[in-house]
Amino acid sequence: MNELDSLVKQAQELFAACTTPVELENAKAQYLGKAGHLTERMKGLAKLDIEAKKSQGALINAAKQAIEAALNHCREQLALAELNALLKAETYDVTLPGSLHSQGGLHPVSLSLERIEQIFNSMGFEVAQGPEIETDWFNFTALNTPEDHPARSMHDTFYVEGGYLLRTHTSPMQIRYAMAHVQKYQARIDAGQAMPEIRVIAPGRTYRVDSDATHSPMFHQCEGLWIGENISFKDLKVVFTDFCKTFFENEDLVLRFRPSFFPFTEPGAEIDIQFPSGPLAGRWLEVAGSGQVHPNVVRNMGLDPERFIGFAFGMGPDRLTMLRYGVNDLRLFFDGDIRFLSQFQ
Ligand code: DAH
């Protein structure tokens with residue numbers, strides 16, 4: 001074996017004995033580095049004559065290629081070994097519990113609101129949204145509740161600078177929506193032509209100074225309004241009864257319209273429902289206030305009460321949700337406890 005062959009063999013053995021990439025790169029330097037064995041021999045070529053240069057050069061090049069091939073082979077082997085070691089270290093324990101990424105869902109009250117909207121939509125009602133920061137006029141005065149009216153004392157609320165307050169009910173939306181509607185059809189109304197009826201529900205947040213198991217300072221209401229030229233209390237009874245039966249999926253539900261006073265209705269009624277069976281069987285539960293819209297309110301909407309008439313109601317979606325799911329403390333809805341909320345998904 002000539003000198004170059006044994007050099008190649010030596011390199012091959014040295015490379016194969018390396019156990020880390022760093023060791024291998026150091027070994028490589030001994031042969032192919034600046035002062036490596038092969039590099040030295042290349043330099044030595046300069047002293048030879050042209051023929052010898054050719055033959056020696058070819059031999060040195062062949063040796064160099066063989067060493068490089070051995071180097072690359074060992075590099076691949078080491079990289080593979082490293083990868084295998086990594087994979088081995090990372091084996092998963094399939095018996096460990098998995099990490100759950102739970103999916104969020106709608107809040108139970110939002111589920112009820114969606115349901116309410118769907119049902120009233122199917123009866124031809126639009127859905128409108130209004131401001132939670134209201135003026136005194138929309139919240140009280142326009143609803144036939146002037147300053148110093150005793151009914152205001154039941155609606156204590158949060159007053160905001162500049163004459164604004166946090167609305168105590170969704171009823172101001174009756175006025176806002178009706179005024180916008182009237183403005184749109186003013187020319188037709190003035191000409192004595194038919195105005196498309198006002199048929200709307202307005203769900204949203206409302207506020208009062210109140211807090212116990214059945215009252216929260218922030219709660220939800222949903223207003224309903226139907227105004228036309230020939231809408232009576234009978235229509236209110238039909239619409240609301242239909243709504244409750246659909247909402248609670250109970251055709252045998254019984255409703256009671258109990259006379260009551262609201263400044264913005266004449267006559268007015270509280271609506272109670274009675275479940276025929278289940279844990280609440282037999283009890284009357286109040287779910288809404290309602291009534292025929294008071295002539296003064298119709299006037300404040302910009303309409304002539306001699307010509308236009310209708311009904312309104314205001315219900316509590318929180319209350320409906322409690323009844324539907326059998327929840328006994330309203331505050332649970334607003335505590336944000338995931339253990340409670342996740343039961344509705
Ligand atoms: N706004 C009333 C309240 O919060 C509820 C109500 C009663 C709404 C009668 C109405 C209605 O639209 O006609 O107590």
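Reader: Which residues come nearest to the ligand, and what makes a residue count as near?
Author: In this predicted model, 15 residues surround the ligand, and His169, Ser171, Arg208, Gln221 and Glu223 come nearest. A residue counts as near if one of its heavy atoms lies within 4 Å of the molecule.

Reader: What makes the pair formed by Arg208 and the ligand a polar contact?
Author: A polar side-chain atom of Arg208 lies 2.8 Å from an oxygen atom of the ligand. The cut-off for such a pair of N or O atoms is 3.5 Å, so the pair qualifies. Glu223 passes too, because its polar side-chain atom is 2.6 Å from a ligand oxygen.

Reader: Which backbone atom lies 3.2 Å from an oxygen atom of the ligand?
Author: That is a polar backbone atom of Ala312. The distance is within 3.5 Å, so this is a polar contact as well. As for cover, the ligand taken alone exposes 360 Å², and the protein buries 92% of that.

Reader: What is the space taken by the ligand?
Author: That space is the largest pocket. Strands S6 (218-228), S9 (284-293) and S10 (309-315) each supply at least two residues of the shell around the ligand.

Reader: How many residues of the shell are nonpolar, polar and charged?
Author: The shell divides into 4 nonpolar, 9 polar and 2 charged residues. Arg and Glu count as charged, and Arg208 and Glu223 are among the residues nearest the ligand.

Reader: Why is the peptide bond from Glu266 to Pro267 called cis?
Author: Its omega is near -5 degrees, and the bond is cis. Most peptide bonds are trans. Pro267 is found in strand S8, which covers residues 265-274.

Reader: What makes the phi of Asn144 worth a look?
Author: Phi of Asn144 is near 60 degrees, a positive value in a residue other than glycine. Most residues other than glycine have a negative phi. You can find Asn144 in the loop between helix H6 (136-139) and strand S3 (159-160).

Reader: Which domains does the protein chain have, and how far apart are their centres?
Author: The domain assignment gives domain 1 (3-89) and domain 2 (108-344). Their C-alpha centres lie 88 Å apart.

Key: Residues are numbered from 1 along each chain as its sequence is written. This is a predicted model: local features need pLDDT of at least 70, side-chain atom pairs count only at pLDDT 80 or more; totals for chains, interfaces and linings use all residues. Side-chain values use heavy atoms; hydrogens and water are left out. A polar contact is a pair of N or O atoms within 3.5 Å; within protein, one must be able to donate a hydrogen and the other to accept it, and residues adjacent in sequence count only if both atoms are side-chain atoms. Accessible areas come from the Shrake-Rupley method with a 1.4 Å probe; for residues, only the protein chains shown count as cover. On a 1 Å grid over the protein atoms alone, a cavity is a set of points where a 1.4 Å probe fits but cannot get out, and a pocket is an open set with protein on both sides within 12 Å along at least five of seven lines; lining residues have an atom within 4 Å of a point. A molecule sits in a cavity or pocket if more than half of its atoms lie within 2 Å of its grid points. Helices (H or I, at least four residues) and strands (E, at least two) are DSSP runs, numbered from the N terminus. Domain bounds come from an automatic or database domain assignment.
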